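Q: How should one read the features of a structural model step by step? Please take me through the general idea and then the case at hand.

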Amino acid sequence: MCTNIVYEWLKTLQLPQYAESFVDNGYDDLEVCKQIGDPDLDAIGVAVPHHRRRIHEAVRRLKEADERAAGLYFTL
């Protein structure tokens, strides 16, 4: 099994079973994962609606964290 940041991220979402598929489909770091949409989840093999919602919510949080950090950097 892969041991990288994406695996750790999916593990915190309680979805580590998708880690290998994420990496196999090119989602091997969180910057790339921020671009995930429904077609990507289809390709990765995430079919369970609850799992898809959990991933979408986590992606939203990643993007929000970036926006907050960018705003802080800009004001400094």
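The dialogue below treats the fold, the core, one buried histidine and the salt bridges in turn.

Q: What kind of model is this, and what secondary structure does the chain have?
A: The model is a predicted one. Its chain contains 5 helices and 0 strands, and the order of elements from the N terminus is α-α-α-α-α.

Q: How many residues does the chain have, and what share of them counts as buried?
A: The chain has 76 residues, of which 32% count as buried. About 4900 Å² of the chain is exposed, and carbon and sulfur atoms supply 55% of that area.

Q: How may contacts be read with respect to distance along the sequence?
A: One takes the contacts between residues at least 6 apart in sequence and asks what portion joins residues at least 24 apart; in this chain the portion is 42%.

Q: Which residues of the largest nonpolar core touch the most other members?
A: In soluble globular proteins, nonpolar side chains tend to be buried together. Here the largest nonpolar core has 19 residues, and those that touch the most other members are W9, L10, F22, C33, V46 and I55. Helices α1 (5-12), α2 (19-24), α4 (38-44) and α5 each supply at least two residues of this core.

Q: What does L10 contact beyond its neighbours within four places in sequence?
A: With those neighbours left aside, L10 is in contact with L15, P16, Y18, A19 and F22. F22 is also listed with L10 among the core residues that touch the most other members.

Q: Is H51 buried or exposed?
A: The reading rests on relative accessible area, with buried meaning under 20%. H51 has 16% relative accessibility, and therefore counts as buried. This residue lies in helix α5, which spans residues 49-75.

Q: Which residues does H51 touch, not counting those up to four places away in sequence?
A: H51 touches L15, Q17, Y18 and V46. Of these, V46 also appears among the core residues that touch the most other members, while L15 and Y18 are contacts of L10 as well.

Q: How many salt bridges are there, and which residue pairs with R52?
A: A salt bridge is assigned when a side-chain nitrogen of Lys or Arg is within 4 Å of a carboxyl oxygen of Asp or Glu. The count is 7. R52 pairs with D42, and their closest N and O atoms are 2.9 Å apart. Because R52 belongs to helix α5 and D42 to helix α4, the pair ties together parts that are 10 residues apart in sequence.

Q: Are R52 and D42 buried or exposed?
A: R52 is buried, its relative accessible area being 14%, whereas D42 is exposed at 53% relative accessibility.

Q: What separates the partners R61 and E57, and what separates R60 and E64?
A: The side chains of R61 and E57 form a salt bridge with an N to O distance of 3.7 Å. These two residues are 4 apart in helix α5, so about one helical turn separates them. R60 and E64 form another salt bridge, at 2.3 Å from N to O. They too are 4 residues apart in helix α5, which means a separation of about one helical turn. Salt bridges that share partners join E57, R60, R61 and E64 into one network.

Q: How accessible are the members of this network?
A: R61 is partly exposed at 41% relative accessibility, and E57 is partly exposed at 32%. R60, at 35%, counts as partly exposed, and so does E64 at 30%.

How values were computed. Residues numbered from 1 in each chain as written. Predicted model: local features only at pLDDT ≥ 70, side-chain atom pairs only at ≥ 80, totals over all residues. Heavy atoms only, no water. Buried < 20%, exposed > 50% of the residue type's maximum accessible area, 1.4 Å probe, protein only. Contact = heavy atoms within 4.5 Å. Core = buried A, V, L, I, M, F, W, Y, C linked by side-chain atoms within 4.5 Å. Areas by Shrake-Rupley, 256 points an atom, 1.4 Å probe, with all protein chains shown as cover.
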